[in-house]
Amino acid sequence: MDKISSIRGMPDVFEADANYLSELSEILSKIFLSHNLKEVNTPILEQTELFVRSTGATSDIVNKEIYSFNDRNEQSLSLRPEGTAGVVRSIIQKKLDNSEHKLWYQGPMFRYERPQKGRFRQFNQAGVELLGFSEGSSDLEIISIVCDIFIELELEDSVLKINHLGDKNTKERFLAELLKYLKTFKGKLNDNDKEKLTKNPLRLLDSKDKDLQDFLNKGPKIIDFLTTEQLNLLDMIQSIFGRYVEIELDSSLVRGLDYYTGLVFEAVSKNLGAQDSFLGGGRYDDLSRDLGGKEMSAIGFAIGLERLNLIKKHKNTKSNKVISFVTTSSKMNALAFKIAQLLRSHNYDIRLETNFTDASLKAKLRKASKLGAKFVFIIGEEEFESNTITVKSFDEDGYQVNMSFDEILDFYKNI
Ligand code: HAM
């Protein structure tokens, strides 16, 4: 029969990678808790309309990358490409869009992108959303959380790029100038950029077209249109957090989702190659309104766990202390399982591998050595009669001692 393989861009994750992902989520949740954020879980499937109205009809996500299908009721559903839209939808649905919420989430996201290093069709994000907070201290709080991630994960070769997209007024004035400036270049735009020009000209700023980029570099810059308060915010971010994180002002940073207003930021790493951005976010004051909710200013970010994994290259801090526990006959198994249960509850840092099969003691010792066990605990006939366990060390000294059950619990606790 033909074998069935996994879907392209949706890898199976084993051992070190799986370990690292769970470790990362532990570290991140610790940081989020320290900022008094509350955890939220929204569904993986949502109505397609949610993403069309949030990430934007012109965004790559909705145009090319979304996994959509009709369910049995002919309703168009989509696998979530990101977490922000679902969180805001949920707060509106619960009629909580008139108060403040500091939330974090984590889970798989789906985008139909061309798979390559650091780019998958199923990947994991951890994200933070501060809802109900207008521009000011919440922007600094968000950068402070990002900063903690940089510090805790020791992300030395990374840079945090920041920009400000202005409010409606600034944006309108800037766009008018930009469109005027682009007039002479209009005929040279590729099809993709032509569409951006009609639907969301701001997105032209991060165009991949080198000639357009050169042209734009000499054109109007959004920074020249910002108010004093908006410029002050960028200054404050640099002066407070610049000592912990390398921060770079980048006036071409607009981000790929249409919902952003105000501060936007992205963290990039020199160790990632083409997909160099591992964290992205910004302010999205209009999203709640666009989704039928009340006016609710908000700011947030998300971090890609697989990309972090690539940067950090498995700094595995999980315990690698293995102990093998063996018996020499099945009549000892009931006792051995009871002891194993007790041992684990005394020290969850140890990987206790039980081997109570019918294999010979010699085979069991060989297997323990192959597993990299530090010690083997043995219950044979003699130990069974005397209520003891033999501890054999696999270190160079190779000692062997006989211990009572109480002694072995104490020993296990302190390994
Ligand atoms: P985003 O920049 O689209 O923002 O994604 C955030 C992070 O998810 C990226 O920096 C990257 O690490 C990871 N990521 C995105 N696509 C892929 C992929 N195909 N494979 C692997 N990793 C990927 C958002 O999703 C916004 N919701 C962030 C946000 C929250 N803005 C405000 N609040």
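**Close-up views of two sheets and a ligand site**

**View 1. I162 faces L249 of β8.** This is a predicted model, with residues numbered from 1 along each chain as its sequence is written. Local features need pLDDT of at least 70, side-chain atom pairs count only at pLDDT 80 or more, totals for chains, interfaces and linings use all residues, and side-chain values use heavy atoms, leaving out hydrogens and water. Strand β7 spans residues 158–164 and runs parallel to β8, joined to it by four bridges. Strands (E, at least two residues) and helices (H or I, at least four) are DSSP runs numbered from the N terminus. Helix α9 (residues 228–241) packs on the sheet and touches β7, β8 and β9 (263–269). The direction of α9 makes about 165 degrees with that of β7. Contact means heavy atoms within 4.5 Å.

**View 2. Eight strands form an open sheet with mixed pairing.** The order is β1-β5-β6-β11-β10-β9-β7-β8. β1 (38–39) and β8 (246–249) are the edge strands, each pairing on one side only. Pairing requires at least two DSSP bridges between two strands. Helix α1 (residues 15–34) lies across β5 (101–110), β6 and β11. α1 runs at about 0 degrees to β6. Axes are lines fitted to C-alpha atoms, for helices over the stretch in contact; angles run from 0 to 180 degrees between N-to-C directions.

**View 3. Three strands form an open antiparallel sheet.** Here the order is β2-β4-β3. The edges are β2 (45–47) and β3 (68–70), and each pairs on one side only. On average, neighbouring strands of this sheet are turned by 35 degrees against each other, direction ignored. Three bridges link β2 to strand β4 (residues 76–79) in the antiparallel sense. Q47 has L77 in β4 as its bridge partner.

**View 4. Side chains and backbone make polar contacts with the ligand.** A polar contact is a pair of N or O atoms within 3.5 Å. The side chain of E113 places an N or O atom 2.6 Å from a ligand nitrogen. For the side chain of T84, the corresponding distance to a ligand nitrogen is 2.9 Å. F278 uses a backbone N or O atom, 3.0 Å from a ligand oxygen. The ligand alone exposes 660 Å², and the protein buries 96% of that (Shrake-Rupley method, 1.4 Å probe).

**View 5. A shell of 26 residues surrounds the ligand.** Shell residues have a heavy atom within 4 Å of the ligand. E82, E113, F120, E129 and Y260 come nearest. β6 (122–131), β10 (277–283) and β11 (298–304) each give two or more residues. β10 gives the most, with six. By class, the shell holds ten nonpolar, nine polar and seven charged residues. Nonpolar covers Ala, Val, Leu, Ile, Met, Phe, Trp, Tyr, Cys and Pro; charged covers Asp, Glu, Lys and Arg; the others, Gly among them, are polar.

Methods:
A polar contact is a pair of N or O atoms within 3.5 Å; within protein, one must be able to donate a hydrogen and the other to accept it, and residues adjacent in sequence count only if both atoms are side-chain atoms.
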